[in-house]
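Visitor: Could you take me through this model, beginning with how far it can be trusted and then turning to one helix and a few backbone details?

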Amino acid sequence: MKILVTGTAGFIGFHLAKFLLDRGDTVVGIDNLNDYYDVRLKYARLTLTGIVYSELEYGEPMQSKNYSNYTFIKLDLLDKKQLEDCFQKHKFDAVCNLAAQAGVRYSLTNPDVYIDTNIKGFLNILECCRHYRINHLVYASSSSVYGLNKKMPFSEHDIADHPVSLYAASKKANEMMAHTYSHLFNLRTTGLRFFTVYGPWGRPDMALFIFTKAILEGKPIEVYNNGNMMRDFTYIDDIVKGIVRVIDNPAENNPDWNAAKPDPATSKAPFRLFNIGRGAPVNLMDFVLEIERQIHIKAKKIFRPMQDGDVAETCADVSNLSDVLNYEPRTSVPTGVARFTAWYKAFYKIGKKVPVLPAPKFIAP
(Lines give C-alpha, C1' and ligand atoms only; values in the text may rest on other atoms or scores of the structure.)
Protein backbone atom coordinates (compact mmCIF):
# COMPACT_ATOMS: atom_id res chain seq x y z
CA MET A 1 0.00 0.00 0.00
CA LYS A 2 0.88 3.66 -0.22
CA ILE A 3 0.43 5.08 3.27
CA LEU A 4 0.67 8.58 4.71
CA VAL A 5 1.98 8.52 8.28
CA THR A 6 1.89 11.85 10.09
CA GLY A 7 4.27 12.48 12.98
CA THR A 8 7.06 10.25 11.64
CA ALA A 9 9.73 12.12 13.59
CA GLY A 10 7.79 11.26 16.74
CA PHE A 11 8.07 8.18 18.92
CA ILE A 12 5.27 5.97 17.61
CA GLY A 13 5.35 7.41 14.10
CA PHE A 14 9.05 6.63 13.70
CA HIS A 15 8.61 3.00 14.75
CA LEU A 16 5.49 2.56 12.62
CA ALA A 17 7.07 4.05 9.51
CA LYS A 18 10.12 1.81 9.87
CA PHE A 19 7.96 -1.31 10.25
CA LEU A 20 5.89 -0.44 7.17
CA LEU A 21 9.00 0.34 5.13
CA ASP A 22 10.67 -2.91 6.14
CA ARG A 23 7.66 -4.92 4.99
CA GLY A 24 7.64 -3.15 1.62
CA ASP A 25 4.90 -0.51 1.80
CA THR A 26 5.45 2.89 0.23
CA VAL A 27 5.39 5.51 2.99
CA VAL A 28 5.17 9.27 2.90
CA GLY A 29 5.95 10.75 6.30
CA ILE A 30 5.23 14.28 7.47
CA ASP A 31 6.15 16.11 10.67
CA ASN A 32 6.45 19.78 11.60
CA LEU A 33 9.47 19.07 13.86
CA ASN A 34 8.22 21.35 16.64
CA ASP A 35 10.27 21.91 19.77
CA TYR A 36 7.82 20.51 22.37
CA TYR A 37 10.81 18.38 23.37
CA ASP A 38 14.45 18.23 22.28
CA VAL A 39 14.40 18.23 18.47
CA ARG A 40 17.76 16.44 18.40
CA LEU A 41 15.92 13.25 19.32
CA LYS A 42 13.56 13.81 16.39
CA TYR A 43 16.51 14.46 14.08
CA ALA A 44 18.16 11.24 15.23
CA ARG A 45 15.01 9.25 14.44
CA LEU A 46 14.89 10.82 10.97
CA THR A 47 18.54 9.96 10.41
CA LEU A 48 17.84 6.27 11.08
CA THR A 49 15.27 6.30 8.29
CA GLY A 50 17.70 7.93 5.86
CA ILE A 51 16.48 11.53 6.06
CA VAL A 52 19.16 14.24 6.12
CA TYR A 53 17.46 16.70 8.45
CA SER A 54 20.02 19.46 7.85
CA GLU A 55 18.97 19.61 4.20
CA LEU A 56 15.22 19.75 4.80
CA GLU A 57 13.22 22.62 3.36
CA TYR A 58 9.66 23.23 4.45
CA GLY A 59 7.15 21.64 2.10
CA GLU A 60 9.81 20.02 -0.08
CA PRO A 61 9.80 16.19 -0.28
CA MET A 62 13.05 14.44 0.61
CA GLN A 63 13.82 10.93 -0.60
CA SER A 64 15.29 8.62 2.03
CA LYS A 65 18.88 7.49 1.53
CA ASN A 66 18.09 4.18 3.27
CA TYR A 67 14.69 3.33 1.82
CA SER A 68 13.67 3.74 -1.81
CA ASN A 69 10.04 3.52 -0.64
CA TYR A 70 10.21 6.41 1.84
CA THR A 71 9.66 10.13 1.30
CA PHE A 72 9.61 12.68 4.13
CA ILE A 73 8.12 16.17 4.07
CA LYS A 74 8.51 18.81 6.77
CA LEU A 75 4.91 19.97 6.93
CA ASP A 76 2.42 21.29 9.49
CA LEU A 77 -1.13 19.88 9.56
CA LEU A 78 -2.41 23.46 9.85
CA ASP A 79 -0.99 24.20 6.38
CA LYS A 80 -4.11 23.13 4.52
CA LYS A 81 -2.87 24.06 1.05
CA GLN A 82 0.39 22.12 1.32
CA LEU A 83 -1.45 19.19 2.89
CA GLU A 84 -3.95 19.11 0.02
CA ASP A 85 -1.09 19.20 -2.48
CA CYS A 86 0.48 16.21 -0.73
CA PHE A 87 -2.76 14.20 -0.93
CA GLN A 88 -3.36 15.15 -4.55
CA LYS A 89 0.14 14.17 -5.63
CA HIS A 90 0.52 10.86 -3.82
CA LYS A 91 -2.97 9.31 -3.94
CA PHE A 92 -2.72 7.37 -0.69
CA ASP A 93 -4.47 4.10 0.03
CA ALA A 94 -4.51 4.73 3.77
CA VAL A 95 -3.62 7.42 6.28
CA CYS A 96 -2.36 6.96 9.85
CA ASN A 97 -2.54 10.23 11.76
CA LEU A 98 -0.16 10.21 14.72
CA ALA A 99 0.74 13.91 14.60
CA ALA A 100 -0.67 15.69 17.64
CA GLN A 101 0.24 17.89 20.54
CA ALA A 102 0.88 15.37 23.29
CA GLY A 103 1.05 15.74 27.06
CA VAL A 104 -1.64 16.04 29.73
CA ARG A 105 0.20 18.48 32.01
CA TYR A 106 1.38 20.69 29.14
CA SER A 107 -2.26 21.23 28.18
CA LEU A 108 -2.88 22.97 31.51
CA THR A 109 -0.57 25.84 30.59
CA ASN A 110 -0.61 25.80 26.78
CA PRO A 111 -4.24 25.14 25.78
CA ASP A 112 -4.19 26.97 22.45
CA VAL A 113 -1.78 24.57 20.78
CA TYR A 114 -4.11 21.63 21.50
CA ILE A 115 -6.98 23.33 19.70
CA ASP A 116 -4.73 24.27 16.79
CA THR A 117 -2.97 20.94 16.25
CA ASN A 118 -5.39 18.37 17.63
CA ILE A 119 -8.64 19.95 16.44
CA LYS A 120 -7.90 22.18 13.45
CA GLY A 121 -5.06 19.97 12.21
CA PHE A 122 -7.21 16.85 12.49
CA LEU A 123 -10.03 18.59 10.63
CA ASN A 124 -7.63 19.22 7.75
CA ILE A 125 -6.75 15.52 7.71
CA LEU A 126 -10.43 14.57 7.65
CA GLU A 127 -11.16 16.99 4.82
CA CYS A 128 -8.27 15.68 2.74
CA CYS A 129 -9.30 12.07 3.37
CA ARG A 130 -12.83 12.93 2.31
CA HIS A 131 -11.96 14.80 -0.87
CA TYR A 132 -9.21 12.45 -2.01
CA ARG A 133 -11.23 9.30 -1.27
CA ILE A 134 -8.88 7.65 1.22
CA ASN A 135 -9.87 4.04 1.85
CA HIS A 136 -9.05 4.06 5.57
CA LEU A 137 -8.09 6.68 8.15
CA VAL A 138 -6.46 5.37 11.34
CA TYR A 139 -5.81 7.99 14.02
CA ALA A 140 -4.36 8.25 17.50
CA SER A 141 -6.77 8.71 20.35
CA SER A 142 -5.81 8.16 23.99
CA SER A 143 -6.68 6.27 27.15
CA SER A 144 -7.05 9.71 28.75
CA VAL A 145 -10.53 10.01 27.21
CA TYR A 146 -11.82 7.75 29.99
CA GLY A 147 -11.27 10.60 32.45
CA LEU A 148 -13.41 10.16 35.56
CA ASN A 149 -14.46 6.61 34.64
CA LYS A 150 -13.79 4.21 37.51
CA LYS A 151 -14.99 0.92 36.02
CA MET A 152 -11.92 -1.24 35.33
CA PRO A 153 -10.69 -2.32 32.90
CA PHE A 154 -11.58 0.56 30.58
CA SER A 155 -13.75 -0.66 27.70
CA GLU A 156 -14.48 1.02 24.37
CA HIS A 157 -18.09 -0.12 24.82
CA ASP A 158 -18.52 2.14 27.86
CA ILE A 159 -19.39 5.83 27.67
CA ALA A 160 -16.35 8.11 28.06
CA ASP A 161 -17.74 11.63 28.32
CA HIS A 162 -15.93 13.06 31.35
CA PRO A 163 -12.34 13.99 30.39
CA VAL A 164 -10.19 15.75 33.00
CA SER A 165 -7.70 17.55 30.74
CA LEU A 166 -7.91 19.56 27.53
CA TYR A 167 -5.61 17.00 25.90
CA ALA A 168 -8.15 14.27 26.69
CA ALA A 169 -11.00 16.48 25.48
CA SER A 170 -9.20 17.09 22.18
CA LYS A 171 -8.78 13.34 21.65
CA LYS A 172 -12.45 12.70 22.46
CA ALA A 173 -13.32 15.45 19.98
CA ASN A 174 -11.24 13.65 17.34
CA GLU A 175 -13.35 10.53 17.82
CA MET A 176 -16.58 12.49 17.42
CA MET A 177 -15.26 14.33 14.37
CA ALA A 178 -14.21 11.04 12.79
CA HIS A 179 -17.64 9.53 13.39
CA THR A 180 -19.28 12.52 11.74
CA TYR A 181 -17.17 12.06 8.60
CA SER A 182 -17.80 8.31 8.63
CA HIS A 183 -21.54 9.00 8.81
CA LEU A 184 -21.75 11.84 6.31
CA PHE A 185 -19.16 10.77 3.75
CA ASN A 186 -18.76 7.02 4.31
CA LEU A 187 -15.12 7.57 5.27
CA ARG A 188 -13.72 4.50 7.03
CA THR A 189 -12.15 5.58 10.30
CA THR A 190 -10.56 3.73 13.20
CA GLY A 191 -9.50 5.45 16.43
CA LEU A 192 -6.85 3.87 18.65
CA ARG A 193 -6.86 4.64 22.37
CA PHE A 194 -3.20 4.23 23.34
CA PHE A 195 -2.26 3.18 26.88
CA THR A 196 1.11 4.51 28.20
CA VAL A 197 3.39 3.54 25.32
CA TYR A 198 7.09 3.14 26.19
CA GLY A 199 10.31 1.81 24.68
CA PRO A 200 13.50 2.85 22.87
CA TRP A 201 13.35 6.28 21.20
CA GLY A 202 10.53 7.23 23.57
CA ARG A 203 9.42 10.76 24.42
CA PRO A 204 11.43 12.70 27.05
CA ASP A 205 8.22 13.83 28.78
CA MET A 206 7.16 10.26 29.61
CA ALA A 207 7.73 8.68 33.03
CA LEU A 208 10.25 6.03 31.97
CA PHE A 209 12.46 8.58 30.22
CA ILE A 210 12.19 11.14 33.03
CA PHE A 211 12.93 8.58 35.76
CA THR A 212 15.84 6.94 33.93
CA LYS A 213 17.47 10.28 33.16
CA ALA A 214 17.11 11.60 36.71
CA ILE A 215 18.34 8.40 38.39
CA LEU A 216 21.41 8.18 36.16
CA GLU A 217 22.20 11.85 36.88
CA GLY A 218 21.82 11.35 40.63
CA LYS A 219 18.78 13.62 40.78
CA PRO A 220 15.54 12.89 42.66
CA ILE A 221 12.44 11.74 40.82
CA GLU A 222 8.99 13.17 41.54
CA VAL A 223 6.41 10.47 42.25
CA TYR A 224 2.83 11.72 42.06
CA ASN A 225 -0.17 10.68 44.15
CA ASN A 226 2.43 9.47 46.67
CA GLY A 227 3.15 6.52 44.41
CA ASN A 228 -0.42 5.20 44.42
CA MET A 229 -0.66 4.99 40.63
CA MET A 230 -1.33 2.12 38.25
CA ARG A 231 -0.45 2.33 34.57
CA ASP A 232 -1.04 -0.06 31.69
CA PHE A 233 2.51 0.26 30.31
CA THR A 234 2.59 -1.04 26.71
CA TYR A 235 5.78 -1.71 24.77
CA ILE A 236 6.22 0.02 21.43
CA ASP A 237 6.64 -3.16 19.34
CA ASP A 238 3.27 -4.45 20.54
CA ILE A 239 1.67 -1.10 19.75
CA VAL A 240 3.09 -1.00 16.21
CA LYS A 241 1.97 -4.53 15.39
CA GLY A 242 -1.52 -3.61 16.56
CA ILE A 243 -1.58 -0.45 14.45
CA VAL A 244 -0.50 -2.34 11.36
CA ARG A 245 -3.26 -4.92 11.79
CA VAL A 246 -5.76 -2.08 12.05
CA ILE A 247 -4.41 -0.34 8.94
CA ASP A 248 -4.69 -3.59 6.99
CA ASN A 249 -8.32 -4.13 8.06
CA PRO A 250 -10.44 -1.05 7.31
CA ALA A 251 -13.44 -0.24 9.47
CA GLU A 252 -16.82 -1.61 8.41
CA ASN A 253 -20.42 -0.71 9.24
CA ASN A 254 -21.80 -2.65 12.19
CA PRO A 255 -25.07 -4.18 10.86
CA ASP A 256 -26.17 -4.99 14.43
CA TRP A 257 -25.70 -1.46 15.78
CA ASN A 258 -28.74 -0.41 17.79
CA ALA A 259 -29.54 3.30 18.07
CA ALA A 260 -31.72 2.58 21.10
CA LYS A 261 -28.71 1.08 22.89
CA PRO A 262 -25.79 2.65 21.04
CA ASP A 263 -22.38 0.99 21.27
CA PRO A 264 -19.76 3.80 21.48
CA ALA A 265 -17.11 1.56 19.85
CA THR A 266 -18.96 0.98 16.57
CA SER A 267 -21.68 2.51 14.42
CA LYS A 268 -23.97 1.97 11.49
CA ALA A 269 -21.30 4.07 9.74
CA PRO A 270 -17.83 2.59 8.97
CA PHE A 271 -16.43 3.76 12.29
CA ARG A 272 -14.80 1.96 15.20
CA LEU A 273 -12.69 2.48 18.30
CA PHE A 274 -10.12 0.14 19.81
CA ASN A 275 -8.17 0.16 23.04
CA ILE A 276 -4.56 -0.69 22.33
CA GLY A 277 -2.65 -1.53 25.48
CA ARG A 278 -1.21 -4.46 27.38
CA GLY A 279 -4.17 -5.17 29.63
CA ALA A 280 -1.99 -5.72 32.70
CA PRO A 281 -1.41 -2.54 34.73
CA VAL A 282 1.67 -2.16 36.91
CA ASN A 283 2.02 -0.17 40.12
CA LEU A 284 4.18 2.90 39.56
CA MET A 285 6.46 2.06 42.46
CA ASP A 286 7.05 -1.42 41.03
CA PHE A 287 7.88 0.21 37.70
CA VAL A 288 10.44 2.43 39.42
CA LEU A 289 11.94 -0.63 41.12
CA GLU A 290 12.34 -2.28 37.73
CA ILE A 291 14.21 0.78 36.41
CA GLU A 292 16.46 0.70 39.49
CA ARG A 293 17.17 -2.98 38.90
CA GLN A 294 18.12 -2.44 35.30
CA ILE A 295 20.50 0.47 35.89
CA HIS A 296 21.76 -0.69 39.32
CA ILE A 297 21.07 2.65 41.02
CA LYS A 298 18.59 3.40 43.79
CA ALA A 299 16.29 6.32 43.02
CA LYS A 300 15.96 9.33 45.28
CA LYS A 301 12.22 9.95 45.53
CA ILE A 302 10.14 13.03 46.25
CA PHE A 303 6.47 12.16 46.77
CA ARG A 304 3.92 14.61 45.41
CA PRO A 305 0.10 14.81 45.48
CA MET A 306 -1.99 13.96 42.42
CA GLN A 307 -1.56 16.47 39.58
CA ASP A 308 -4.48 18.25 37.94
CA GLY A 309 -5.60 16.46 34.80
CA ASP A 310 -4.12 13.12 35.88
CA VAL A 311 -5.85 9.89 36.89
CA ALA A 312 -4.82 7.29 39.46
CA GLU A 313 -5.25 4.16 37.35
CA THR A 314 -5.46 2.99 33.75
CA CYS A 315 -6.16 -0.51 32.54
CA ALA A 316 -7.10 -1.49 29.01
CA ASP A 317 -9.70 -4.06 28.11
CA VAL A 318 -8.07 -5.24 24.86
CA SER A 319 -10.50 -8.10 24.21
CA ASN A 320 -12.17 -6.20 21.38
CA LEU A 321 -8.97 -5.73 19.39
CA SER A 322 -7.90 -9.26 20.26
CA ASP A 323 -11.20 -10.79 19.10
CA VAL A 324 -11.47 -8.78 15.90
CA LEU A 325 -7.83 -8.66 14.78
CA ASN A 326 -5.98 -11.21 16.95
CA TYR A 327 -4.03 -8.53 18.79
CA GLU A 328 -1.74 -10.07 21.39
CA PRO A 329 0.79 -7.94 23.32
CA ARG A 330 3.79 -10.12 24.16
CA THR A 331 6.45 -7.90 25.73
CA SER A 332 6.83 -8.09 29.51
CA VAL A 333 7.60 -4.99 31.55
CA PRO A 334 11.07 -6.25 32.62
CA THR A 335 11.97 -6.92 28.98
CA GLY A 336 10.65 -3.57 27.82
CA VAL A 337 12.38 -1.57 30.54
CA ALA A 338 15.65 -3.44 29.89
CA ARG A 339 15.48 -2.57 26.20
CA PHE A 340 14.74 1.07 26.95
CA THR A 341 17.50 1.55 29.51
CA ALA A 342 20.01 -0.19 27.21
CA TRP A 343 18.99 2.15 24.38
CA TYR A 344 19.13 5.21 26.66
CA LYS A 345 22.65 4.49 27.88
CA ALA A 346 23.86 3.75 24.35
CA PHE A 347 22.21 6.83 22.81
CA TYR A 348 23.49 9.18 25.50
CA LYS A 349 26.80 7.30 25.81
CA ILE A 350 26.46 6.49 29.51
CA GLY A 351 28.60 3.91 31.32
CA LYS A 352 29.28 0.32 30.37
CA LYS A 353 26.95 -2.59 29.87
CA VAL A 354 26.24 -4.48 33.11
CA PRO A 355 24.56 -7.86 33.67
CA VAL A 356 20.79 -7.78 34.10
CA LEU A 357 19.57 -9.20 37.42
CA PRO A 358 16.64 -11.63 37.65
CA ALA A 359 13.18 -10.07 37.40
CA PRO A 360 11.38 -9.43 40.69
CA LYS A 361 8.22 -11.43 41.29
CA PHE A 362 5.93 -8.41 41.60
CA ILE A 363 6.13 -7.66 37.85
CA ALA A 364 3.55 -9.56 35.81
CA PRO A 365 5.06 -11.45 32.85
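The questions and answers below go from confidence to helix packing and then to the backbone.

Visitor: Which residues have a pLDDT below 50?

Guide: This is a predicted model, in which local features need pLDDT of at least 70, side-chain atom pairs count only at pLDDT 80 or more, and totals for chains, interfaces and linings use all residues. Residues are numbered from 1 along each chain as its sequence is written, and side-chain values use heavy atoms, with hydrogens and water left out. The chain averages a pLDDT of 94 (the predictor's confidence in each residue, from 0 to 100), and 96% of the residues score at least 70. The stretch with pLDDT below 50 is residues 354-365.

Visitor: On which side or sides of H3 do the buried residues of H3 lie?

Guide: Helix H3 (residues 80-90), a DSSP run of H or I with at least four residues, as strands are runs of E with at least two, has the buried residues Leu83, Cys86, Phe87 and His90. Buried means under 20% relative accessible area, exposed over 50% and partly exposed in between, with a 1.4 Å probe and protein chains only. Because they cover an arc of only 95 degrees around the axis, taken from the directions from the axis to the C-beta atoms, these buried residues lie on the same side of H3.

Visitor: Which exposed residues does the face of H3 turned away from its buried side carry?

Guide: The buried residues of H3 pack against strands S1, S2, S4 and S5 and against H5, where contact means heavy atoms within 4.5 Å. The face turned away from that buried side carries the exposed residues Lys81 and Lys89.

Visitor: At what angle do H3 and H5 pack?

Guide: H3 meets helix H5 (residues 111-131) with the axes 10 Å apart, and the contact is made by Lys80, Leu83, Glu84 and Phe87 of H3 and Asn124, Ile125, Cys128 and Cys129 of H5. Axes are lines fitted to C-alpha atoms over the stretch in contact, and angles run from 0 to 180 degrees between N-to-C directions. On that basis the packing angle is about 35 degrees.

Visitor: What is the omega of the cis peptide bond that joins Met152 and Pro153?

Guide: Pro153 lies in the loop between strand S6 (136-142) and helix H6 (166-185). The cis bond joins Pro153 to Met152, with omega about -5 degrees.

Visitor: Is Asn326 buried or exposed?

Guide: Asn326, in the loop between helix H10 (319-325) and helix H11 (333-347), has a positive phi of about 60 degrees although it is not a glycine. With a relative accessible area of 56%, Asn326 is exposed.
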